[in-house]
Amino acid sequence: MTTQTDIPPAETGGERRSWLREHSELGVCALLLALGVLVLTDALTMDVDIAQRGPVGPKTVPIVVGAGLLVIAALLAVDVLRGGRGQAETGEDVDLSEPADWRTVLLLAGVFLGAAVIIEPLGFPVAGALLFWGAAFALGSRRIDRDPLIAAGLSLVTYVVFNNLLGVPLPGGPLMGVL
């Protein structure tokens, strides 16, 4: 015979939210799991010509990375469910009482998006220069006399290293006919 005290109380919504808040790292586990499944699915459905394949084919690295993501997701989930917790940020230069600097984040996102849009029609040297200068501006540099010149030089050096020395073709754009 059971008494009223033997029956466990029904779980309330507040208790469930509290449990989820205490185990919020499980969200990272879910993200890693989804990313691992996506990478493995993409790798296993990749069309590979048998003549192109050597001892290590193009599927090898994505399969290893996808499997590693799944293993890390499982290990992290086990650790979180056993009571493991991430440590709070304790760096000297981090003030957790200050709000996030969304202006800088949005400026950087806009600079990256703009560079991605103009890289094909204008080429990497122009898009890279705007990316480097825009990132410096978003992060606080206001040296308008110096920053664009450094950005242009850095972009051209990056283009030459990747395109000519490493053999990674980057879009040159209209300026490459002049240079």
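The paragraphs below describe the fold, the surface and a few selected side-chain arrangements of a predicted model.

The chain is built from helices: six of them are present, with zero strands. Read from the N terminus, the order of elements is accordingly α-α-α-α-α-α. Of the 179 residues in the chain, 19% are buried. Among contacts with a sequence separation of 6 or more, 60% join residues that lie 24 or more positions apart. The accessible surface amounts to about 13,300 Å², and carbon and sulfur atoms supply 67% of this area.

Helix 6, which covers residues 147-165, is a convenient place to begin a closer look. Serine 155 belongs to this helix. Its relative accessibility is 0%, under the 20% limit, so serine 155 counts as buried. Which residues surround serine 155, once its neighbours within four places in sequence are left aside? The contacts of serine 155 are with Phe124, Pro125, Gly128, Ala129 and Phe132. For the last of these partners, phenylalanine 132, a C-alpha separation of 7.6 Å from serine 155 goes with a distance of 23 residues along the chain.

Leucine 165 is also located in helix 6, but its environment is another matter. With a relative accessible area of 65%, over the 50% limit, leucine 165 is classed as exposed. This leucine takes part in a nonpolar surface patch, together with Val157, Val161, Phe162, Leu166 and Val168. The accessible area of the patch members together is about 530 Å². Serine 155 and leucine 165 thus give two views of helix 6: serine 155 is buried, whereas leucine 165 is exposed.

Charged side chains come next. The structure holds two salt bridges. In one, arginine 143 is paired with aspartate 145, and 3.3 Å separates the closest N and O atoms. Arginine 143 has a relative accessibility of 41%, which lies between the 20% and 50% limits and therefore makes it partly exposed. Its partner, aspartate 145, reaches 54% and so falls in the exposed class.

The other salt bridge links the side chains of arginine 146 and aspartate 147, with an N to O distance of 3.5 Å. Is aspartate 147 buried or exposed? Aspartate 147 is buried, because its relative accessible area of 9% is under 20%. Arginine 146, at 36%, is instead partly exposed.

A further arginine is found beside an aromatic ring. Arginine 142 lies over the face of phenylalanine 137, at a distance of 3.9 Å from the ring centre. As for contacts between aromatic rings themselves, the structure holds one aromatic pair.

The last site to be considered is a loop. Where is glutamate 25 placed? It sits between helix 1 (13-22) and helix 2 (26-44), in the loop that joins them. Despite this loop position, the relative accessible area of glutamate 25 is 17%; since this value is under 20%, the residue counts as buried. Beyond its neighbours within four places in sequence, glutamate 25 is in contact with Leu76, Val80, Arg85 and Gly86.

Terms used
Residues numbered from 1 in each chain as written. Predicted model: local features only at pLDDT ≥ 70, side-chain atom pairs only at ≥ 80, totals over all residues. Heavy atoms only, no water. Phe/Tyr/Trp six-rings, centres within 6.5 Å; stacked < 30°, edge-to-face > 60°. Lys NZ or Arg CZ within 6 Å of the ring centre and 35° of its normal. Patch = residues over 30% accessible without salt bridge, like charges linked within 9 Å, V, L, I, M, F, W, Y side chains within 5 Å. Areas by Shrake-Rupley, 256 points an atom, 1.4 Å probe, with all protein chains shown as cover. Salt bridge = Lys/Arg side-chain N within 4 Å of Asp/Glu carboxyl O. Helix = DSSP H or I, 4+ residues; strand = E, 2+ residues; numbered from the N terminus. Buried < 20%, exposed > 50% of the residue type's maximum accessible area, 1.4 Å probe, protein only. Contact = heavy atoms within 4.5 Å.
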